[in-house]
Amino acid sequence: MSLMHASSPHTRAATSTARVMGWVLLATLPGILSATFYFGWGVLFNMLFAAAMGIVLEAGVLRLRQRPLGMTLRDNSALVTGVLLGVSLPAFVPWWLILVGMVAAIVVAKHLFGGLGQNPFNPAMVGYALLLIAFPVDMTQWAAPHGLFGPDAIAPGDALRHFLGLTDPADAMTGATPLDAFKHKGETLLASEFWASDPLPPGTLEAWRNVALAWLAGGVVLLAKRIITWHIPVSLLGTLALVATAMYAIDPSHFATPLFHLLGGAAIFGAFFIATDPVSAATSRRGKLWYGAGIGLLIMVIRPTGAYPDAVAFAVLLMNFAVPFIDYYTQPRTYGHARANRGIQVRQLDDDEELP
Amino acid sequence: MADFDFPGGIMPPERKALSNRAPLIEAPLPARVVLPLTQHVGQPAEPVVTVGQTVRTGEIVACAQGMISAPVHASITGSVTAIEERAVPHPSAAVGESKALCIVIEGNGQDDDWLRMPPLDWRSTGDEFLIERLQSSGVVGLGGAGFPTAVKAQVRRRHTIDTLIVNAAECEPYITADDLTLRTHPGDVLEGARMLARLCGAERILIGIEDNKPEAIAALRRTLSGTVGDIPVELKIVATRYPSGGERQLVQKLTGREVPSRGLPADVGVLCHNPGTLLASLRAVRDGEPMISRIVTLTGEALARPGNLQTRLGTPLHELLSVAGLRPERLSQLILGGPMMGFTLDSDALPLVKTANCLIAGTADEFPPAPAEQPCIRCGACETVCPASLLPQQLYWFSKSREHDKAELFNLFDCIECGACAYVCPSHIPLVQYYRAAKGEIRLREREARKAEHARHRFEFRQARMAREEAEKEARRQARLAQAKASRSAPEQRKTAVPSVPSDTPQRDSQDSAAELKKLKIAQAAAKAAVRKAEKALARASEGGQHPSADLDDLETQLATARENLQATEARLAALQSQTTPAATQPVPTTKTESAAPASQPSSTGATTGDAAKQVRQRKIAVASAQAAYRKAEKALESAMAQNDDAALAAAQQKLERTQGNLERARKALEEAEATASEHKDTSTP
């Protein structure tokens with residue numbers, strides 16, 4: 001009789017990495033659709049091209065590493081990285097820029113460290129940070145919210161030409177992000193005067209706010225499906241709001257309102273889709289609270305004082321550095337132990353020491 | 001701040017309806033049984049029958065060995081046809097079985113001639129008789145661990161117990177043996193609980209049962225309302241969530257107490273028993289029936305008639321499977337135990353053992369092969385379900401990379417291997433397998449490190465012994481030299497027996513020897529301190545009772561080494577003193593330690609009468625101290641026996657033997673000395 005052997009447990013829940021990643025992809029849909037709706041076809045092109053590059057690059061590196069292709073490609077993780085990097089980019093970037101970003105994300109940040117599960121840094125944010133530093137002009141030319149079909153909207157053909165790098169976008173098509181504009185308002189200008197001067201193309205603030213709310217809807221889906229836990233988004237956004245409120249309370253004439261910080265940039269997107277990348281985030285639930293809080297704090301440090309208007313990528317990458325440390329100091333208290341272990345305790349092996 | 005819930009847990013499909021709808025039935029009497037001698041935790045039982053011998057049902061065929069063990073009884077009437085190694089179910093083996101000594105009995109499948117013990121009324125029987133009965137009837141924990149119930153019943157010798165928990169949670173899917181036990185024999189289980197509660201001194205009985213067993217709950221309610229006992233019984237219904245039947249989890253759920261890491265529920269005043277164990281205990285006492293059968297669940301999609309069977313121990317599993325209507329063409333996996341923590345079997349030719357509560361004959365659809373393992377993405381699903389608040393993803397990481405020190409730091413050994421983490425893992429990583437492998441490697445490494453340490457200590461002891469012998473030889477030589485010198489310079493000393501005065505000493509190298517003397521005295525003090533430290537360490541270890549006996553042996557070796565060192569120093573000191581005071585013929589002073597004193601006394605044949613008298617006195621002291629040590633060792637042995645502690649017992653026995661040897665030697669030395677003294681008396685007073 002030939003009976004099957006297996007180690008316990010012999011049953012398992014119907015779940016898989018591919019399914020987890022699939023839900024993440026599904027949850028990005030509201031954000032992607034609303035961003036496309038406000039900022040034009042370019043957003044969609046970016047996202048699709050980045051996702052395709054994710055698959056192609058992943059397959060290429062797997063071949064070089066002589067790993068089986070099928071199972072790894074089916075886990076959808078490269079697709080997620082591509083989509084997340086793609087939607088982070090301005091609508092007018094050319095294809096080669098996306099390719100550079102995806103090489104940094106998939107090849108350098110992910111596979112050079114050992115592939116899925118081994119990367120200490122968030123791959124999409126490594127790609128984004130590299131592009132932001134290397135191509136600052138392309139990366140700060142955001143589209144004005146002209147929509148898909150309006151009178152000022154960019155036709156799909158024009159968007160494709162921008163994408164192929166054949167033409168540069170006209171000035172009328174571009175506009176600063178609200179964070180960028182507010183950052184460069186100048187010391188002498190008061191916040192109230194700045195807003196009174198109509199610094200942004202009409203509808204920009206509403207567009208950014210609605211896109212942020214769409215990402216929030218996607219994040220709620222992830223929470224409801226238990227793909228992510230509440231710890232990172234809540235602590236990140238909570239800390240961000242707290243610090244922003246404190247700053248605004250101290251000097252409302254120069255600091256933006258907390259609501260502006262929450263909805264004017266990539267805070268919501270970052271809190272639900274970027275910082276929650278489980279591989280590069282802190283491990284324990286308590287650790288995740290610290291990790292999220294650290295990101296929120298760093299965002300609020302960099303936004304008013306740093307050189308870049310939005311700071312999600314840098315904040316996430318900096319906190320990625322801190323993850324091993326956080327992990328050692330935030331272990332939960334195990335059943336039957338008086339207190340939680342903290343840090344690394346090296347067992348002294350001394351001959352004179354009495355054995356316990 | 002007591003938390004009455006455990007974190008995590010999962011809710012896998014229960015699949016209990018497969019087997020809990022049929023009533024409990026008696027399996028047909030097997031014509032042949034194979035009875036392994038290792039169906040319990042502890043020492044294997046020792047066969048007391050010979051091949052060819054006829055045995056009756058319930059007759060003892062193998063008796064318990066050592067402190068933690070259980071006897072084995074014939075489960076059918078017939079004759080012993082073999083006592084040999086056979087394959088038995090075993091979780092730690094890769095294929096779910098291993099070889100163990102078994103007693104094979106063949107009957108004719110009809111005769112069932114019982115040999116019962118006299119029935120006892122537990123309420124009017126003393127504790128020691130009840131424990132004796134539990135021991136002789138071979139009752140062990142039927143929940144899976146197989147710990148001898150008689151040993152557990154003596155827990156109050158070392159712990160104060162206030163709560164007895166009846167663990168009827170039965171949280172694993174498929175298994176319904178406890179459910180059916182409670183539905184069929186609720187009164188007997190309760191009575192058994194009351195009996196064991198009295199034995200352990202519990203003030204209350206809590207029955208923990210999951211809410212997915214309404215019939216069992218109703219049966220218990222009916223029984224509870226009909227009986228009144230002196231110990232309050234409380235039925236605690238807990239929500240169905242795996243692993244609420246884990247001992248530690250249930251203790252927390254019912255009492256809010258946490259069993260300390262590496263401790264026992266008894267450490268927090270709780271004792272847990274499985275309903276089947278309680279039933280078997282009561283039957284052993286009330287009916288005089290030793291443990292020869294158990295209730296086992298036969299379930300799985302490959303069976304036409306799944307259900308629960310009251311089955312004789314040692315019945316081949318394939319007989320049980322055919323009773324339950326096995327469809328062999330559908331069978332793909334045979335699991336002993338539940339689907340979460342059970343283990344797969346390689347064959348159905350194995351015997352049913354005391355700890356087997358469930359046998360699942362699964363089809364390929366029911367238990368599909370595990371999907372390929374994918375990289376861990378640290379999603380944290382495992383952390384969410386871990387009932388011990390561990391970080392399974394980190395433990396996996398460290399286990400896989402063999403960073404065992406870090407795995408231990410993250411409390412690997414608090415993992416109860418419930419399998420909840422592997423159940424929810426989206427990457428299909430067999431996490432429990434990794435943890436088991438890491439635990440095994442750590443245990444192996446520790447064992448090897450201990451072995452190397454022991455070898456080193458034994459070597460050190462040998463060195464010390466040789467050094468001591470050398471020093472004593474030297475001391476004797478010096479003594480002889482001094483004696484010769486003294487007798488040459490002052491021959492009248494022999495008669496007057498006046499000890500020499502230091503002023504007689506030739507003043508040679510006085511400064512050198514003074515410095516040397518000082519050095520040796522310091523060394524002596526240090527050696528004494530080392531002996532005391534070793535003694536203390538040994539005493540502490542034998543009190544603790546958690547150390548394996550090998551550790552105690554090692555501590556004994558270390559103590560002996562320290563004593564040898566002390567003796568060597570003292571011999572050297574004495575030699576030096578005899579150099580400076582030539583008439584002092586006592587080369588080796590007696591030490592306080594019992595082993596040192598008498599054995600090392602060289603018989604000085606040319607002693608004066610005074611010396612002889614002095615020697616007699618000294619040896620009398622040595623005999624007295626050896627006697628004291630012997631008495632102390634006797635007392636230690638008694639207390640070790642009372643505490644029921646194997647390790648301490650072994651140590652105490654060793655000590656007793658050693659002190660006895662010392663005492664005899666001391667007595668012999670005394671006799672010798674007395675003989676010489678009387679000789680001297682004869683010659684010196686004519």
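**Inside helix H7 and across the A–B contact**

Biologist: Which residues of H7(B) are buried?
Modeller: Keep in mind that this model is predicted. A residue is buried if 20 or more other C-beta atoms lie within 10 Å of its own. In H7(B), that gives B:Pro275, B:Gly276, B:Thr277, B:Leu278, B:Leu279, B:Ala280, B:Ser281, B:Leu282, B:Arg283, B:Ala284 and B:Val285.

Biologist: Is H7(B) largely enclosed or largely open, and why?
Modeller: Buried residues make up 11 of the 13 in H7(B). The helix is therefore, with respect to the rest of the structure, largely enclosed.

Biologist: How far apart are the end C-alpha atoms of helix H7 of chain B?
Modeller: Helix H7 covers residues 275-287 of chain B, and at 1.5 Å a residue its 13 residues should span 18 Å. The model agrees with that expectation, as the end C-alpha atoms are apart by 17 Å.

Biologist: What residue follows H7(B)?
Modeller: Look just past the helix for a residue with a positive phi, near 70 degrees. The residue there is B:Gly288.

Biologist: How many nonpolar residues are on the side of chain B that touches chain A?
Modeller: The contact takes 41 residues from chain A and 55 residues from chain B. On the chain B side, 17 are polar and seven are charged. The nonpolar residues there number 31.

Biologist: Which residues have the most contacts inside the largest nonpolar core?
Modeller: That core has 240 residues. Another core, of 42 residues, lies apart from it and includes B:Val531 and B:Tyr630. Within the largest core, the residues with the most contacts are A:Val316, B:Leu359, B:Leu395 and B:Leu431.

Note on methods:
Residues are numbered from 1 along each chain as its sequence is written. Chains are lettered from A and ligands numbered from 1 in the order in which they are written. This is a predicted model: local features need pLDDT of at least 70, side-chain atom pairs count only at pLDDT 80 or more; totals for chains, interfaces and linings use all residues. Two residues are in contact if their C-beta atoms, placed from the backbone, lie within 7 Å. Ala, Val, Leu, Ile, Met, Phe, Trp, Tyr, Cys and Pro count as nonpolar, Asp, Glu, Lys and Arg as charged, and the others, Gly among them, as polar. Helices (H or I, at least four residues) and strands (E, at least two) are DSSP runs, numbered from the N terminus. The expected span of a helix is 1.5 Å times one less than its number of residues. A residue is buried if 20 or more other C-beta atoms lie within 10 Å of its own, exposed if 12 or fewer, and partly exposed in between; C-beta atoms are placed from the backbone. A nonpolar core is a set of buried Ala, Val, Leu, Ile, Met, Phe, Trp, Tyr and Cys residues joined through C-beta atoms within 7 Å.
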